[in-house]
Amino acid sequence: MRDNASFRQRVSVVALAVALLLLLPHAAFAHAVLVKSSPAQGATVKAGDVDITLTYNSRIDALHSSLHLVGADGKAQTLAVDAHAGPNQLVAKATALPAGAYKLEWQVQASDGHISRGEVAFRVG
Amino acid sequence: MIWLLNDFDLLAVLLHAVTLSLEALLVGGVLFLLVVGVPGGADARALRACRRGMEWAALAMILAEVASVTVESLLVIGTAGVTVAQALSGGPLLAHTCSAFCALVLLLLARFSQDRLRGWVQAAMLAAAIGLLGSAVSLSHAVSRMDHRVVLTAYTALHHVGAAAWIGAMPFLLIALKRTDDIAVARRVIGRFSRMAMVSVALLIGAGLGLAWFYLASPSGLYGTTYGVLVMVKTYLLLLILILGAANWYVAREAERAPARLLMRLRRFAEVEVALGFTAILAAAALTSQPPAVDLPMDRLTLPEIAARMRWETPRLKSPPFAALSPATPIDVAVKMAQYQPPAASDTNDMAWSEYNHHWAGLVVVLAGALALMSRFKRMRWARFWPLSFAGLAMFILLRADPENWPLGPRPFWGSLFEPEVVQHRAAALLILAFAAFECAVQAGKLRAAWTQYAFPLMCAAGAALLLTHNHTLATGKDEVLALMSHAAMALFGVTAGWARWLELRLPKDEGEQRFAGYVWPVALMLAGLVLLDYREM
């Protein structure tokens, strides 16, 4: 009987812990903040090759970060990120871009391990 | 993979909170043994129990670090398109591995060392603790800064040492005191701990002020950003802990007068100090996932904006019709959009719907607090079934909290769980329902085991603490800060209510502090309800 009570007690504690863990909510995942971008948000750039530089408030790990260019048709291409850029920069090059609306979808991992995401919309014209 | 992305983000923050707590506990355990327990001549039985405690904490740390590596690797493999080998390289992964290794060393040392710790065991324990500390600091804001990196890293390390030597070591003081029969030994151990605690408080506060100087940089950084609000939360908790610490210091000095009774009070206050300390560590984990205020100079709240939002208005007790809400985005589109885009701004009806939910919930909480207060009077014992009001609240949350999802909206039950906010609401509804049934059974005398009484204070305090990291997905930074302010106030009242009830149950009966705690918690519950009643989204 005592064993059963003890078992029930342990199960209750575990169930409570699991429920509380489930409850632990999300913080805003915006640790590395984009402070400057080229092209800038809403800017229009010349057709052809476009140099891309995203600058953050903190050091990032370029190897664990990613950059996608999404065209007006919704198709995304992954851009190769320059591994030798500044410690707080994500640098890439998009080649032969025709006129149209684009957006850059970025994801970076800060040096402390936190991941942030966002996007920059621009036009090629 | 994208489907699980948000929940994995949630899990990563959760694991960070767990590893921060365990780091404080393990480093605190080592400091307790080396600075207090062994040189203070604590009983062998007490030291053995402390080492058992460290073993469990070390095992939990290893598991938490393995889970962290798994979750973070899956996140970057699934979203950044890196290979497994690339995912398993890099600074953060190295820090997790180092932390797990140090925890393993501590586990082995605690498991296999003899009662009187030899010199080399003590040195190895200290080295492992320093390794744990270094790993945790390397995952802090300081290392990723572009400026003042060395100074900020030093402040962060000192802040961690202060927290570990005070909050992390205190559970081991409780373990040791419980197994110490000799009052003279207990007094010696308490005396050494008090001296270590005073130094660690100075370190904690000094380093915290240094970090605040750099990360907040201005008064508006304190009141106008989410980072600043969380700093205020930590400050409130620190003040509560300091008040309890001061009470304990007084009790320790008076311990000769009535040792057994005063030591009991000291243990009860220390339990709450520990709990509040770990709540502060949870707030610290939420803080590390926010950008420091100094990096967000734009879009800050101003004092007039805060005053305007705090002004009391008549609660909204009439709901807009369901048909007037914005149409729900199909689940597959919502999942894709949630990856990179901030949420779209809510329209007026959506906000009115949310305010109506918060205001009715506030009324229920005020009612529960008022009934709990009334039940203290002999003629109103019927009011002791106040938890029943929470059952209605649970159903209300389940039905209305997420109108775009099942049961009201078109998104299916399982599909809706991609969004952490929905998962939280549903888990909260279940917890509240379970709690209402549980506490009613306790009040009715159907559950008599002593531990069953603690379900309410524990769930109230833990649920409120977790609220500190709850962010509504709002469109602008200012709205997020205002929402966090409401949540933080509710959380702090909830934490106060939970631990005041704990003290009422645990302190010796009919003493002044015990009676005082008995009035504090219903009032704190009502105040939390009033904050909900004043919640606004527009």
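**Exercise 1. Locate Leu14(B) and decide whether Leu14(B) is buried or exposed.**

*Solution.*
Step 1: find the element. Leu14(B) sits in helix α1 of chain B, residues 2-37. Helices here are DSSP runs of H or I with at least four residues, strands are runs of E with at least two, and both are numbered from the N terminus.
Step 2: count neighbours. Leu14(B) has 24 C-beta neighbours inside 10 Å and so counts as buried. The cut-offs: buried means 20 or more other C-beta atoms within 10 Å of the residue's own, exposed means 12 or fewer, and partly exposed lies in between, with C-beta atoms placed from the backbone.
Step 3: check a distance. The C-alpha atoms of Leu14(B) and Val150(B) are separated by 28 Å, and the two residues are 136 residues apart along the chain.

The model is predicted; local features need pLDDT of at least 70, side-chain atom pairs count only at pLDDT 80 or more, and totals for chains, interfaces and linings use all residues. Residues are numbered from 1 along each chain as its sequence is written, while chains are lettered from A and ligands numbered from 1 in the order in which they are written.

**Exercise 2. Describe how α18(B) packs against α19(B).**

*Solution.*
Two packed helices are described by the angle between their axes and the distance between the axes.
Step 1: take both values. Helix α18 (residues 477-506) and helix α19 (residues 512-533) of chain B have axes that come within 8 Å and cross at roughly 160 degrees. Axes are lines fitted to C-alpha atoms, for helices over the stretch in contact, and angles run from 0 to 180 degrees between N-to-C directions.
Step 2: classify the angle. The crossing makes α18(B) roughly antiparallel to α19(B). Under 35 degrees counts as roughly parallel, over 145 as roughly antiparallel, 65 to 115 as roughly perpendicular, and the rest as oblique.
Step 3: assign the hand. α18(B) passes α19(B) in a left-handed crossing. Left-handed means that the near helix is turned anticlockwise from the far one by less than a right angle; clockwise gives right-handed.
Step 4: inspect the contact. Residues of α18(B) including Met490(B), Phe493(B) and Ala497(B) meet residues of α19(B) including Ala517(B), Trp521(B) and Ala524(B). Contact means C-beta atoms, placed from the backbone, within 7 Å.
Step 5: sort by class. The contact has 15 nonpolar, 5 polar and 3 charged residues. Ala, Val, Leu, Ile, Met, Phe, Trp, Tyr, Cys and Pro count as nonpolar, Asp, Glu, Lys and Arg as charged, and the others, Gly among them, as polar.

**Exercise 3. Repeat the analysis for α10(B) and α18(B).**

*Solution.*
Step 1: helix α10 of chain B spans residues 226-253, and its axis comes within 9 Å of that of α18(B), crossing at roughly 15 degrees.
Step 2: the two helices are therefore roughly parallel to each other. Their crossing is right-handed.
Step 3: Thr226(B), Val229(B), Val233(B) and Tyr236(B) of α10(B) face a set in α18(B) including Val481(B), Leu484(B) and Leu492(B). The contact divides into 8 nonpolar, 1 polar and 1 charged residue.

**Exercise 4. Map the open sheets of chain A.**

*Solution.*
Step 1: list the elements. Chain A has 1 helix and 8 strands.
Step 2: order the 3 strands of one sheet. They run β1-β3-β6 with antiparallel pairing. β1 (34-38) and β6 (89-97) stand at the edges with a single partner strand each, so one side of each has no neighbour in the sheet. The twist averages 15 degrees from one strand to the next.
Step 3: count bridges. Strands pair if DSSP finds at least two bridges between them. β1(A) joins β3 (residues 48-56) through 4 bridges, and β3(A) pairs with β6(A) over 7. Ser38(A) has Thr53(A) as its partner in β3(A); Leu54(A) has Leu90(A) in β6(A).
Step 4: order the 5 strands of the other sheet. They run β2-β8-β7-β4-β5, with mixed pairing. β2 (44-45) and β5 (76-78) are its edges, each with a single partner strand. β2(A) pairs with β8 (residues 115-124) in the parallel sense over 2 bridges; Thr44(A) is bridged to Arg123(A).
Step 5: add chain B. Helix α2 of chain B (residues 44-80) packs on this sheet, touching β4, β7 and β8 of chain A.

**Exercise 5. Place Asp112(A) and name what Asp112(A) touches in chain B.**

*Solution.*
Step 1: Asp112(A) lies in the loop between β7 and β8 of chain A.
Step 2: Asp112(A) is buried, with 25 other C-beta atoms within 10 Å.
Step 3: Asp112(A) touches Pro92(B), Leu139(B), Ser140(B), His141(B), Val143(B) and Ser144(B), leaving out residues up to four places away in sequence.

Technical notes:
Contact = placed C-beta atoms within 7 Å.
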